[in-house]
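Subject: A structure for you to explore

Hi there,

Here is the structure I promised to pass on to you. Have a look around it first, and then read on for what was found in it.

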Amino acid sequence: MNVPPDEPFVAVRVWDLPTRFFHWSLALLVTANVVTGKFDSVLGASTLEWHKRFGIAILALLAFRLVWGIVGGTHARFATFLRGPRAVAAYAKSLASRGYAVSVGHNPMGGWSVVAMVAALGVQATTGLFLVQEDYGFTGPLSRFVSGAFSSRMGAIHEANFWVIAALVAMHLAAIVAHGVLWRENLVSAMVSGVKRLPARFAGTDGREGGWSGLIASLAVAAVVVSVLVKLG
Ligand code: HEM
Ligand code: HEM
């Protein structure tokens with residue numbers, strides 16, 4: 001949808017607090033795990049124990065987000081932002097014409113990039129659970145249930161999938177910069193405050209907040225993930 005540049009803007013509530021908390025915790029923990037995974041030999045033997053703790057926290061966040069994507073606020077729901085191929089193609093076409101394509105929540109391409117990031121991080125953290133690093137006496141919580149060969153195969157995926165994550169995060173950041181430069185949309189402040197500045201025609205389209213029962217259910221699933229993995233060591 002092309003918007004004339006002189007159309008006035010209004011504030012619209014988009015991202016609920018749990019989604020924002022999920023996002024910034026995830027960004028922080030993923031960064032921490034790239035550093036602890038890549039530089040464990042420089043940072044010391046205990047680094048991998050932190051890598052494991054952060055990885056389990058990431059899995060808990062992902063579990064939280066999967067449930068919150070079903071029961072959360074309007075724009076956190078997968079059903080709101082996962083659009084069919086026609087909507088994605090129309091959005092891509094609007095980008096090619098450098099039109100100002102406004103979405104209240106995730107745009108049709110951004111919605112699928114959320115799925116790609118969540119899936120790639122899920123693969124990374126899950127493969128990590130099977131790993132063994134003999135030099136540091138490190139064992140992943142699920143490594144005792146599998147053969148050495150399976151564990152090595154998971155290690156190869158863990159190493160290679162890092163580059164998939166790196167590419168997805170690079171595209172994520174490039175898209176955010178593009179929205180700022182090309183369309184003067186400050187998506188970062190929206191992910192901080194929960195409020196987007198949108199053309200006046202979007203007045204009154206504020207998302208509904210998620211309810212307490214949904215939040216408790218999402219937190220409960222995350223807590224189960226942590227407690228099972230911590231118990232397994
Ligand atoms: C490792 C780093 C990061 C990861 C894995 C990541 C992942 C994600 C995910 C999964 C979402 C979807 C949120 C949801 O619906 O739950 C998202 C959205 C978003 N992220 Fe990140 N993110 C990272 C870093 C950043 C950074 C550094 C910034 C800002 C400078 C940022 C800004 C945003 C914004 C603005 C959105 C909302 C996009 C929109 O309006 O559709 N992210 N990110
Ligand atoms: C999403 C979460 C995770 C991310 C982003 C991540 C990232 C990484 C990265 C970038 C490396 C370095 C790979 C290389 O050598 O090129 C690595 C190595 C490793 N990771 Fe993860 N990881 C995650 C979760 C986990 C979990 C949950 C565990 C275990 C419970 C784990 C165990 C390991 C081990 C044992 C290594 C090998 C370190 C070495 O060879 O010295 N990771 N990880």
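Before we start, one definition will help: Ala, Val, Leu, Ile, Met, Phe, Trp, Tyr, Cys and Pro count as nonpolar, Asp, Glu, Lys and Arg count as charged, and the others, Gly among them, count as polar. With that in hand, the residues of the shell around ligand 2 divide into 12 nonpolar, nine polar and four charged. Please keep in mind that this is a predicted model.

**The overall picture**

The protein chain holds nine helices and four strands. If you read along the sequence, they follow the pattern β-α-α-α-α-α-α-β-β-α-α-β-α. The C-alpha trace spans about 60 × 40 × 30 Å along its principal axes. Of the 233 residues in the protein chain, 28% are buried. Looking at contacts with a separation of 6 or more, 74% are between residues 24 or more positions apart.

**The two ligands**

Which residues are closest to ligand 2? They are Asn33, Gly37, Gly55, Gly128 and Leu131, out of 25 residues that surround this ligand. Helix 1 (17-38), helix 3 (47-71), helix 6 (108-128) and helix 7 (148-183) are the elements that give two or more residues to that shell. Helix 3 supplies the largest share, six residues.

Ligand 1 has 20 residues around it, and Ala27, Val30, His106, Leu187 and Met191 come nearest. Here the elements giving two or more residues are helix 1, helix 6, helix 7 and helix 8 (187-193). Which element gives the largest share of the shell around ligand 1? That is helix 1, with seven residues. Sorted by class, the shell around ligand 1 has 13 nonpolar residues, six polar and one charged.

**Helix 6 and helix 7**

You have now met helix 6 and helix 7 in both shells, so to speak, and each can be checked for length. Helix 6 has 21 residues and reaches 31 Å from its first C-alpha to its last, close to the 30 Å expected at 1.5 Å a residue. For helix 7, with 36 residues, the same 1.5 Å a residue gives 52 Å, and its end C-alpha atoms are 52 Å apart, so the two values agree.

Pro108, Leu121, Gln124, Ala125, Thr127 and Gly128 are the buried residues of helix 6. They pack against helix 1, helix 3, helix 5 (85-96) and helix 7. You may recognise Gly128 from the list of residues closest to ligand 2.

**The nonpolar cores**

The largest nonpolar core has 19 residues, and Ala57, Ile58, Leu59, Ala60, Leu61 and Phe64 have the most contacts inside it. Two or more of its residues come from each of helix 1, helix 3, helix 6 and helix 9 (212-232). Helix 3 gives the most to this core, with 11 residues. There is also a second, separate core of six residues, which includes Val12, Trp15, Leu187 and Leu198.

**Three residues to look up**

Try isoleucine 176 to begin with, which lies in helix 7. Is isoleucine 176 buried, exposed or partly exposed? It counts as partly exposed because it has 16 C-beta neighbours inside 10 Å, and a buried residue would need 20 or more. Not counting residues up to four places away in sequence, isoleucine 176 touches Leu187 and Val188. The C-alpha atoms of isoleucine 176 and valine 188 are separated by 7.6 Å, and these two residues are 12 residues apart along the chain.

Next, go to arginine 184, in the loop between helix 7 and helix 8. Arginine 184 follows helix 7, and its phi is positive, about 50°, although it is not a glycine. Why is arginine 184 exposed? Because it has 11 other C-beta atoms within 10 Å, and a residue with 12 or fewer counts as exposed.

Then find valine 221, in helix 9. Valine 221 is partly exposed, with 15 other C-beta atoms within 10 Å. Leaving aside neighbours within four places in sequence, valine 221 is in contact with Ala63, Phe64 and Val67. Phe64 is one of the residues with the most contacts inside the largest core. Alanine 119 is 102 residues from valine 221 along the chain, and their C-alpha atoms are separated by 17 Å.

Happy exploring!

Terms used. Residues are numbered from 1 along each chain as its sequence is written. Chains are lettered from A and ligands numbered from 1 in the order in which they are written. This is a predicted model: local features need pLDDT of at least 70, side-chain atom pairs count only at pLDDT 80 or more; totals for chains, interfaces and linings use all residues. A residue is near a molecule or strand if its C-beta atom, placed from the backbone, lies within 6 Å of it. The expected span of a helix is 1.5 Å times one less than its number of residues. Two residues are in contact if their C-beta atoms, placed from the backbone, lie within 7 Å. A nonpolar core is a set of buried Ala, Val, Leu, Ile, Met, Phe, Trp, Tyr and Cys residues joined through C-beta atoms within 7 Å.
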